[in-house]
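The following questions and answers introduce a protein to a reader who has not met it before. Please have the sequence and the model at hand.

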Amino acid sequence: MKILKFFLILFFFWSSVFYAQVKVCSWNIQNMGQSKNAEEIAFMADILKGFDVVAIQEIVAGVGGAQSIARLADALNRTGTKWEYKISAPTLSDPHSAERYAFLWKTSQVKLVKPPKLDEFYQSEIEREPYLADFSYNGEIFTLVNFHAIPKKKQPETEIKYFKYFPDLYPNKNLIFLGDFNTPQSHSVFLPLKKMGFSPIFQNQKTSLRTKCINANCLASEYDNIFYNSAKNETVGIGVVHFYTAFSTLKEARKISDHIPIWIEFSPCE
């Protein structure tokens, strides 16, 4: 009996080593700033508490933006797990379109390797230059590239095209591109990344909210996605959070955001 117990313990130990998984969420929270009240912040925290790392886009660059992330981190800490966060400086675009990014993470699950930074190579070519962070999980390091593209009418493919240079600009990094691309993964601008081994977690998955549901279809466009290198990461699960079903109307839901959260659960295996 003792021998059986020993091997069971050994089995679960090695399972935890070889099949360790981290769950990462990306969410464009529309106008994340002082307009979000305590009830809305608490609602977001309840959605996000099950993830290990959260990347947020569309944080107000001016008054209230950074404070809203601090309030969200505080709400997450009240769920019973210790969270930390980092928020970017305003992106270096004109004042009318500048935004901030943020990362929040469970300290018991992942470690921040070094302070995140805004990309320095394409600050003039990419209006809201992405925010990069290196995290360590189970001894493996992965880099999240947090990004919010310009609107579709401004042709976001003109800045997404520069991502094909990132693997050379950031050598030896396990890059994972995530965020709101305002462009479906089927667009040809993603072909160079795909040829390098980066796969989108979604195909034909709409992620932005309509203003009104049409025949129970409440989602509009497939803008949000996560591109990961399948040679360096083993995907365990993917999904979206249909948070709007908690509200009686989309008008109410859109006070939280006009995008739904997306997520990937994976094992870094480089």
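**Overall build, core and selected residues**

Q: How many helices and strands are there in the protein?
A: The model shown here is a predicted one. Its secondary structure includes both kinds of element, and the protein has seven helices and 14 strands.

Q: Why does the protein count as compact as a globular protein of its length?
A: The globule rule gives 18 Å for 270 residues. The protein is as compact as a globular protein of that length because its radius of gyration is close to that figure, at 19 Å.

Q: What does the C-alpha trace span along the principal axes of the protein?
A: The span is given along each of the principal axes. For the C-alpha trace, the values are about 65 × 45 × 40 Å.

Q: What percentage of contacts between residues at least 6 apart in sequence join residues at least 24 apart?
A: Buried residues make up 50% of the 270 residues. Among the contacts between residues at least 6 apart in sequence, the share that joins residues at least 24 apart is 70%.

Q: What share of the accessible surface belongs to carbon and sulfur atoms?
A: The accessible surface of the protein comes to about 13000 Å². Of this surface, the part belonging to carbon and sulfur atoms is 54%.

Q: How many Å apart are the mean positions of the positive and negative charges?
A: The protein has 30 positive and 27 negative charges. Between the mean positions of these two sets, the separation is 4 Å.

Q: Which strand gives the most residues to the largest nonpolar core?
A: This core has 75 residues, among which L72 and F177 touch the most other members. Setting aside residues up to four places away in sequence, L72 touches M32, I41, M44, A45, L48, I56 and L104. The strand that gives the most to the core, with six residues, is β1 (residues 22-32).

Q: Is N138 buried, partly exposed or exposed?
A: N138 lies in the loop between β6 (131-137) and β7 (140-148). Most residues other than glycine have a negative phi. The phi of N138, however, is positive, near 55°. With a relative accessibility of 48%, N138 is classed as partly exposed.

Q: What is the phi of N204?
A: N204 belongs to the loop between β9 (198-200) and β10 (209-214). Its relative accessible area is 64%, so N204 is exposed. Although N204 is not a glycine, its phi is positive, at about 65°.

Q: What distance separates the C-alpha atoms of T143 and Y170?
A: T143 is placed in strand β7, and its relative accessible area of 2% makes it buried. Leaving out residues up to four places away in sequence, T143 touches L132, A133, D134, K173, N174, L175 and I176. Y170 is 27 residues from T143 along the chain, and their C-alpha atoms are separated by 9.6 Å.

Q: Is I226 buried or exposed?
A: I226 is part of strand β12 (residues 224-229). Apart from neighbours within four places in sequence, I226 is in contact with I176, F177, L178, S199, P200, I201, I262, W263 and I264. A residue is buried when its relative accessible area is under 20%. The relative accessible area of I226 is 0%, so I226 is buried.

Q: What distance separates the C-alpha atoms of I226 and P200?
A: P200 is one of the residues in contact with I226. The two are 26 residues apart along the chain, and their C-alpha atoms are separated by 5.5 Å.

Notes. Residues numbered from 1 in each chain as written. Predicted model: local features only at pLDDT ≥ 70, side-chain atom pairs only at ≥ 80, totals over all residues. Heavy atoms only, no water. Helix = DSSP H or I, 4+ residues; strand = E, 2+ residues; numbered from the N terminus. Rg over C-alpha atoms; globule rule 2.2 N^0.38 Å. Buried < 20%, exposed > 50% of the residue type's maximum accessible area, 1.4 Å probe, protein only. Contact = heavy atoms within 4.5 Å. Areas by Shrake-Rupley, 256 points an atom, 1.4 Å probe, with all protein chains shown as cover. Lys, Arg positive; Asp, Glu negative; His and termini not counted. Charge placed at Lys NZ, Arg CZ, Asp CG, Glu CD. Core = buried A, V, L, I, M, F, W, Y, C linked by side-chain atoms within 4.5 Å.
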